[in-house]
Amino acid sequence: RITSSIQARIMAEKPRAPVFRDVRVTFTRYLSLSQKKEYSMAYSHNAPFRADVVGSYLRPAELKAAREDFAAGKIDAAALKAVEDKAITELVAKQKAAGLHVITDGEFRRGWWHFDFMWGFNGVDHAAAAHRVAFHDEVTPADTATVTGRISGENHPFVEHFKFVKQFEDENTVARQTMPSPAQTRFVLTGNAAAYPYDEFYKNDDELTADIVAAYRQVIADLYAAGCRNVQFDDCTWTRLCDASVRERLGWSDEDALRLQQENLDVINAVIADQPDDLVINTHVCRGNFHSTWLSSGGYAPVAAKLFGEENVDAYYLEFDDDRSGDFAPLAEVSGDKKVVLGLITSKKPDLEDPDTIKARIQEAAQYIPLDRLCLSTQCGFASTQEGNKLTEDQQWAKIALVQSIAKDVWGE
């Protein structure tokens with residue numbers, strides 16, 4: 001596998017920083033950075049935007065070829081980075097030309113939406129998965145993340161990745177950094193404990209969770225110092241709890257499901273606690289997005305009270321592109337002034353949705369949450385993994401143009 005080969009080369013040279021475990025130090029650092037406000041955004045607004053995206057884009061052929069060459073040892077890391085830099089620079093220009101207010105690197109430096117971030121932690125490494133993840137009609141490559149030491153977040157490579165995108169911010173755009181949610185990382189690492197035990201490093205999962213929280217806070221503090229003001233947690237853990245067939249396959253009882261909801265909530269909110277006032281942390285709640293296939297089904301009702309009522313994010317990017325997503329009624333649980341980005345335009349198929357149908361669905365959602373707190377986006381990214389979904393780049397940009405057009409008609413902005 002290309003991803004496995006690339007990660008093996010990267011891990012061989014991965015720097016190891018001193019372990020950082022005291023969460024309170026990160027809290028203090030947050031507060032001082034908030035007061036100093038060393039960076040500011042040229043654009044005065046922050047996500048979510050009326051017309052928005054999740055963040056990943058189809059990889060261009062030149063980038064895919066470079067990753068293959070790097071995995072095969074034909075080019076070195078510097079050559080690969082040069083191709084990545086060029087592809088990302090061109091992507092940012094396209095995002096701006098499309099009228100988007102948010103810019104990302106498209107996740108062009110990653111093979112996976114989640115594992116690459118986990119592999120960036122000290123104490124987490126790449127390994128072969130004991131079981132491939134079964135999507136509808138396909139299974140994923142056999143990659144995963146495992147605990148190989150005490151986890152910490154210093155020198156995470158995503159900070160440098162963000163700095164590259166940050167340079168392109170202007171008076172009309174904000175740079176976003178996406179990453180798997182803390183709950184997703186905890187789910188992967190604890191789920192691999194049987195095949196890859198970590199008892200020599202952690203007495204129990206509570207200790208592991210504490211280090212995950214500290215590591216995330218370290219990375220976010222470093223991102224903040226680099227000028228990041230928009231972080232997005234991508235999360236597939238909640239939707240597994242909404243799908244009875246997934247719960248049955250994983251052997252989760254009703255009591256297990258309730259416990260897991262609370263564990264998700266606790267680790268996410270611990271990372272978000274005491275964030276700087278000008279740092280926006282949103283979440284994308286996903287049902288799986290691999291090569292235009294999906295992982296789970298079911299509406300949000302089973303998790304709505306915890307997810308929408310108690311998770312302390314600023315906004316939710318939610319999938320509502322087909323019948324698997326359920327109805328809008330759970331949105332009534334969204335607390336406070338939090339916003340919801342309706343993922344009504346699918347990124348899995350090339351066919352363009354009917355604008356009037358989408359507008360009617362937005363009005364339906366507005367029965368449960370005020371229209372002023374709603375936005376529109378694609379249901380997920382276009383390439384959560386390097387394989388990408390089954391559509392062309394032109395079709396990808398046509399989807400984004402449709403989001404823009406409908407949002408302007410509905411909200412006038």
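Buried means under 20% relative accessible area, exposed over 50%, and partly exposed in between, with a 1.4 Å probe and protein chains only. Keep that cut-off in mind for strand β7, where N230, Q232 and D234 point one way, V231, F233 and D235 point the other way, and all are buried.

The model is predicted: local features need pLDDT of at least 70, side-chain atom pairs count only at pLDDT 80 or more, and totals for chains, interfaces and linings use all residues. Residues are numbered from 1 along each chain as its sequence is written, and side-chain values use heavy atoms, with hydrogens and water left out.

**Whole chain**

Show the whole chain. Its secondary structure comes to 14 helices and 11 strands. Helices (H or I, at least four residues) and strands (E, at least two) are DSSP runs, numbered from the N terminus. Of the 413 residues, 59% count as buried. The chain exposes about 16200 Å², and carbon and sulfur atoms supply 51% of it. These areas come from the Shrake-Rupley method with a 1.4 Å probe; for residues, only the protein chains shown count as cover. A contact means heavy atoms within 4.5 Å. Among contacts in the chain with a separation of 6 or more, residues 24 or more positions apart account for 81%.

**The sheet**

Now select the strands of the open sheet. There are seven, in the order β1-β11-β10-β9-β8-β7-β6, with parallel pairing. Two strands pair if DSSP finds at least two bridges between them. Strands of a sheet pair through backbone hydrogen bonds, either parallel or antiparallel. Which strands are at the edges? They are β1 (51–52) and β6, each pairing on one side only.

Start at β6, residues 177–180. It pairs with β7 in the parallel sense over four bridges. Pick P180: it stands opposite D234 in β7.

Move to β7, residues 230–235. The strand is mostly covered, with six of its six residues buried. On its other pairing, β7 meets β8 (residues 280–285) in the parallel sense over six bridges. Select D235; its bridge partner in β8 is V285.

Before going on, display helix α7, residues 182–191. It packs on the sheet and touches β6 and β7. Its direction makes about 40° with that of β7. Axes here are lines fitted to C-alpha atoms, for helices over the stretch in contact, and angles run from 0 to 180 degrees between N-to-C directions.

Step on to β9, residues 315–319. β8 and β9 pair in the parallel sense over three bridges. Two residues of β8 are worth picking. H284 has Y317 as its bridge partner in β9. V285 stands opposite L318 in β9.

Why is β9 largely enclosed by the rest of the structure? Five of its five residues are buried, so the surrounding structure largely encloses it. Colour the two faces separately: A315, Y317 and E319 lie on one side, Y316 and L318 on the other, and all are buried. Five bridges then join β9 to β10 (residues 339–345), and the two run parallel. Return to Y317; its bridge partner in β10 is V341.

**Helix α6**

Select residues 157–166, helix α6. Seven of its 10 residues are buried. They are F158, V159, H161, F162, F164, V165 and K166. Show their neighbours: these buried residues pack against α4 (77–97), β2 (102–103), α5, β5 (174–175), β6 and α8 (205–225).

**Rings and charges**

Display the aromatic side chains. The structure holds 16 aromatic pairs. Rings of Phe, Tyr and Trp (its six-membered ring) pair if their centres lie within 6.5 Å; planes under 30 degrees apart count as stacked, over 60 as edge-to-face and the rest as tilted.

Zoom to F117 and F158. This pair is edge-to-face, 5.3 Å centre to centre, with 75° between the planes. It links distant parts of the chain: F117 is in α5 (residues 115–119) and F158 in α6, 41 residues apart. Both are buried. Widen the selection to F117, F121, F158, Y216 and F233, which form one aromatic cluster.

Go next to Y300 and F308. Their pair is tilted, at 5.7 Å centre to centre and 55° between the planes. Both Y300 and F308 are buried.

Finish with two arginines. A charge sits over a ring if NZ of Lys or CZ of Arg is within 6 Å of the ring centre and within 35 degrees of the ring normal. The charged end of R109 sits over the ring of F164, 5.1 Å from its centre. The charged end of R229 sits over the ring of Y224, 3.6 Å from its centre.
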